[in-house]
Amino acid sequence: MFAWSFYNQGTSDKAASADEFIDSALRWFGTSEPEPGLPRDKGERLAGLIRQEPTLLILNGIEPLQWPPGPRGGQLKDLALATLVRELASSNSGLCVITTRVSVSDLASRRHTTAPELDLRHLSPEAGAALLSQLGDNKHRGSSLGMRWHSR
Amino acid sequence: MARTAPWWSEDPLDWTRTEPSTFRDILKSAYASPEAILRLASQVGMLPLPPRAGNDGADEWTWTIETAVAGRWLFSLFDAVVGDPTKRLYHERLWNCLTDAPASDTADAAVGLQTINLPTEGLRNAAMAVQVAIDARRRIAIIEIAGRAAGTGFLVGPDLLLTAAHVLDARRMPPEPRGAVVAVFDFVPQPGSSPAETGVRVRIVNTGLVGSPPAPNEIEGKASDLDATNEHLDFVLMQLERDMSGDETNGPRRNFYELHADEYAFEQAELLHVYQHPLGMPLLHSSAHKPIKVNSGKTRVRYRANTLPGSSGSPVVDTNGRLVALHHFAAIGSNQGVTIHKIAASIEAKRPLPRLAVAERRARPTRVSVNRLPRTGPFFVARRQEIAKLNECWDDERTHVVTVVAWGGCWQERSRQSMAGTNGVQKHRPGLQGVCMVVLQPGYQ
């Protein structure tokens, strides 16, 4: 199982990039020193390594690496990451779980077969209250539920 | 429709387009050091670029490409790279960046000022054209019913084969074929093998996962029904007894055709290919030339190509190998296919598909690396359905990637507006946000 979060990227003036992830993953999955090469080659190489055994790959918060809404909305900007994701959608003995705020349009044509999409809905008021309760904030637990009831 | 200019004819360059940034990335990989860039730039007569401290080459290449475009040195620059045998690995991909411009609009091209601004139009990359044919050869199968060839089908998923519904049964949905159905891949002549012993035979375990019957006129065989509705798409999705996408028997991994749900611009297509098994023959190819016409309902497309009985269920692909239609009918003077985006929409409406027949729980991972995930709280609230769904995905060998989409950010916005209580907690515990946002990043209401 290999997990990576991109969520802190794109919040500064530094351009979002998957380079660090790709290099780290290549090392973790078996390449002692990632060879230089084209981004697409790196993505293909990493997908090949990941496929060698059943792997749970988690890519958390990849929206900084996606185009914002528009003509290319949802497309992955990073070629290596885009290649990796598309390669895994084609063939994968394990599972890749992606979390994002924007649908990944690179996977749109495989949504019907190997790459489904799960739309996360809002937490219910009860679940929100339970969360607050578990955090020990009983003061606001009632107000959370109360807001929902008033709105009905 | 406005003509789309090639990226390298724009000054200044539009770096939001894919091609220039890809072109730059490739050059960056090929010539990473500022010295190498300078050498190349001066080789084609461009002004030298002053080196910039602490830069990895990307900015220098941006400047170099912009300068080359402005001064019309870009193709000289390309020639210089192509003339460098040590960078042979990069040549084809650079060439693709220069040639993959969208097709021009014929009507616009015929009027107004005429200039050759796409000198590569009509030229196709030979290696990619070969790959289109290889994909067809690996993914297409003869459909046999009770040992007799009935039509053609092709892979659209690891264990999913698409064909025309009438190949199995024109009148009933789900179809009721008269005998066992088998897909025969790699049905190409092999010395020393009879036809009965040629190819890779795979049993079909479900002949009606999702489907749609042909139109009434098509069933009668009187005429093709160009105005067929979304309820008459003449397709059936079948399940093979095993995953064939990774199969490497007789050649490279088969993979499968993608079902694009977005509409294809048939009117701009120069040429389509129909790969088929007519009359139970080995895989044949026929080209479909203009005019290519789509009906008003976008359910049917007509083209001129050579097909025969048994061609039904063949994939129609464009010159880039994109699956655009399912061939199913020979009309008078032309042939007819069902548009893939309509089929994709029909399949999507009937999800989820049954899981792989041979699905087994995958082995539990033994090596774990999660230290790059943000810290979360020690407990998990709700999301039982979503977790169950993720477990299903893990168990289902047909699911390779699952994307969890949640509109983030509304936590903060909505909390300010309507979740006064929750907002209060945020103030006291700023780290609390991670408990909800990081794991699945839900929005709150």
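Which exposed residues does the face of α1(A) turned away from its buried side carry? I took this as the opening entry, working on a predicted model.

**Entry 1. Helix α1 of chain A**

I located α1(A) at residues 19-28 and found Phe21(A), Ile22(A) and Ala25(A) buried there. I then checked how these three are placed around the axis: they lie on the same side of α1(A), because the arc they cover is only 95 degrees. This agrees with the general rule that an α-helix has 3.6 residues a turn, so residues three or four places apart point the same way. On the face turned away from the buried side I found the exposed residues Glu20(A) and Arg27(A), which settles the opening question. I next looked up what covers the buried residues of α1(A), and noted β1 (2-5), α2 and α3 of chain A among the covering elements. After the helix comes Gly30(A), with a positive phi near 135 degrees.

**Entry 2. α1 against α2 in chain A**

I recorded the axes of α1(A) and α2(A) as coming within 10 Å and crossing at roughly 35 degrees. The crossing of α1(A) past α2(A) is left-handed. From α1(A), the residues Ile22(A), Ala25(A) and Leu26(A) take part, and they meet Lys42(A), Arg45(A) and Leu46(A) of α2(A). I sorted this contact by class and obtained 4 nonpolar and 2 charged residues, with no polar ones. Two of its members, Ile22(A) and Ala25(A), I had already entered as buried.

**Entry 3. α2 against α3 in chain A**

I turned to α2(A), residues 39-51, and α3(A), residues 79-90, whose axes come within 7 Å and cross at roughly 35 degrees. Here the crossing is right-handed. On the α2(A) side the contact includes Pro39(A), Arg40(A), Lys42(A) and Gly43(A), and on the α3(A) side it includes Leu79(A), Ala80(A), Thr83(A) and Glu87(A). The class count for this contact came to 10 nonpolar, 2 polar and 4 charged residues.

**Entry 4. Ala80 of chain A**

Is Ala80(A) buried or exposed? I placed Ala80(A) in helix α3 of chain A. With 27 other C-beta atoms within 10 Å, Ala80(A) is buried, because the count needed is 20 or more. I listed what Ala80(A) touches, leaving aside residues up to four places away in sequence: Ala18(A), Ile22(A), Pro39(A), Arg40(A), Lys42(A) and Gly43(A). Pro39(A) is 41 residues from Ala80(A) along the chain, yet their C-alpha atoms are separated by 4.4 Å.

**Entry 5. Chain B as a whole**

I counted 14 helices and 14 strands in chain B. Chain B has 445 residues, of which 39% count as buried. Among its contacts between residues at least 6 apart in sequence, 66% join residues at least 24 apart.

**Entry 6. The barrel of chain B**

In what order do the 6 strands of chain B close into a barrel? I read the order as β1-β2-β3-β6-β5-β4, with antiparallel pairing. From one strand to the next the twist averages 45 degrees.

I examined β6(B), residues 235-240, in detail: 6 of its 6 residues are buried, so the strand is largely enclosed by the rest of the structure. Phe235(B), Leu237(B) and Gln239(B) point one way, Val236(B), Met238(B) and Leu240(B) the other way, and all are buried. β6(B) is joined to the antiparallel strand β3(B), residues 160-163, by 4 bridges, and there Leu162(B) stands opposite Leu237(B). Between β5(B) and β6(B), also antiparallel, I found 5 bridges, with Ile204(B) opposite Leu240(B).

I followed β5(B), residues 200-212, on to β4(B), residues 181-185, and found 4 bridges between these antiparallel strands. Phe185(B) has Val200(B) as its bridge partner in β5(B).

**Entry 7. Strand β7 of chain B**

I closed with β7(B), residues 271-276, which is mostly covered, 5 of its 6 residues being buried. Towards β8(B), residues 284-294, I found 6 bridges in the antiparallel sense, and Leu272(B) has Ala288(B) as its partner. Towards β10(B), residues 315-318, the pairing is antiparallel over 3 bridges, and Val274(B) stands opposite Val316(B).

How values were computed. Residues are numbered from 1 along each chain as its sequence is written. Chains are lettered from A and ligands numbered from 1 in the order in which they are written. This is a predicted model: local features need pLDDT of at least 70, side-chain atom pairs count only at pLDDT 80 or more; totals for chains, interfaces and linings use all residues. Two strands pair if DSSP finds at least two bridges between them. Axes are lines fitted to C-alpha atoms, for helices over the stretch in contact, and angles run from 0 to 180 degrees between N-to-C directions. A residue is buried if 20 or more other C-beta atoms lie within 10 Å of its own, exposed if 12 or fewer, and partly exposed in between; C-beta atoms are placed from the backbone. A crossing is left-handed if the near helix is turned anticlockwise from the far one by less than a right angle, and right-handed if clockwise. Two residues are in contact if their C-beta atoms, placed from the backbone, lie within 7 Å. Ala, Val, Leu, Ile, Met, Phe, Trp, Tyr, Cys and Pro count as nonpolar, Asp, Glu, Lys and Arg as charged, and the others, Gly among them, as polar. The arc is that of the directions from the helix axis to the C-beta atoms.
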